[in-house]
Amino acid sequence: NSLQFKNLSVLLSLDPSTMYDIKRETERAMQSMLLKYSDGLGGILLGYDNLKVDKKKNGGETGRILNEMPHIHFYVTCRALVFTPTAGKYMTGMISETFPSHVGVLVHDLFNATISADHLRDSGFTFDVDLNEWVKEDTMTPIVGGDALKFYVDKIHEYYGVLSLECTKPSAI
């Protein structure tokens, strides 16, 4: 499954000027991580709850200064929902747009996946220029915006925290 609940331990870096309200600033730091890809999480943080300063790892309520870095570092723990797509696995999504060059799909109403025209043709689809839609050749059934589609995740691209999925082997659901 591409959605996973994880128990996390995260190291946050806070400005010394924010030490007057550590609880609020750790919340703010975690919120800044929402909807961005993180190597450490192996995916995209969608939500979290039960955020607490990890007294064990911090050695108490206070943070620590690491090396010569000017920030105060706090380990926090929380329970999180993380989107963790994996190349080599099947996923499903809803078609958001169709073009002669590709089909765009939204996964969980949020993440972009694309299936190129070559991969659509390899899976038995043809593009009807008159109707501007892809059609399954054996059944003559069109796939249009809002239709569910199952596909194979071939490659995952990440750029500045934003993911896109390059997919193959589409099949209508």
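A polar contact is a pair of N or O atoms within 3.5 Å, where, within protein, one atom must be able to donate a hydrogen and the other to accept it. In the predicted model, the side chains of His73 and Ser13 are joined by such a contact at 3.1 Å. The side chain of His73 also reaches a backbone atom, the oxygen of His71, at 3.3 Å.

His73 belongs to strand β4, which spans residues 72-83. The relative accessible area of His73 is 2%; because the threshold for burial is under 20%, His73 is classed as buried. With neighbours within four places in sequence left aside, the residues in contact with His73 are Leu11, Leu12, Ser13, Asn58, Gly63, Arg64 and Leu66. Ser13 thus appears both in this contact list and as the side-chain polar partner of His73.

A second buried position was examined in a loop. Leu41 is located between β2 (37-38) and β3 (43-53), and its relative accessible area of 8% places it among buried residues. Not counting residues up to four places away in sequence, Leu41 touches Lys6, Leu8, Met33 and Val82. Of these, Lys6 is separated from Leu41 by 35 residues in sequence, with a C-alpha to C-alpha distance of 8.9 Å.

In soluble globular proteins, nonpolar side chains tend to be buried together. In the present model, the largest nonpolar core comprises 22 residues. Val103, Val107, Trp134, Ile143 and Phe151 have the most contacts inside this core. At least two core residues are supplied by each of β5 (90-98), β6 (102-107), β7 (111-116), α3 (117-122), β8 (125-128), β11 (148-159) and β12 (162-172). A second core, separate from the largest one, has 16 residues, including Met30, Tyr48, Val76 and Ala80.

Strand pairing was considered next. Strands of a sheet pair through backbone hydrogen bonds, either parallel or antiparallel. An open sheet of 3 strands has the order β8-β9-β10, with antiparallel pairing. Its edge strands, β8 and β10 (141-143), each pair on one side only. From one strand to the next, the twist averages 40°. Strand β9 (residues 133-136) is joined to β10 by 3 bridges, and the two strands run antiparallel. Within this pairing, Val135 has Pro142 in β10 as its bridge partner. The edge strand β8 is also one of the elements that supply at least two residues to the largest core.

Technical notes: Residues numbered from 1 in each chain as written. Predicted model: local features only at pLDDT ≥ 70, side-chain atom pairs only at ≥ 80, totals over all residues. Heavy atoms only, no water. Core = buried A, V, L, I, M, F, W, Y, C linked by side-chain atoms within 4.5 Å. Buried < 20%, exposed > 50% of the residue type's maximum accessible area, 1.4 Å probe, protein only. Helix = DSSP H or I, 4+ residues; strand = E, 2+ residues; numbered from the N terminus. Contact = heavy atoms within 4.5 Å. Pairing = 2+ DSSP bridges. Axes fitted to C-alpha atoms, helices over the stretch in contact; angles between N-to-C directions.
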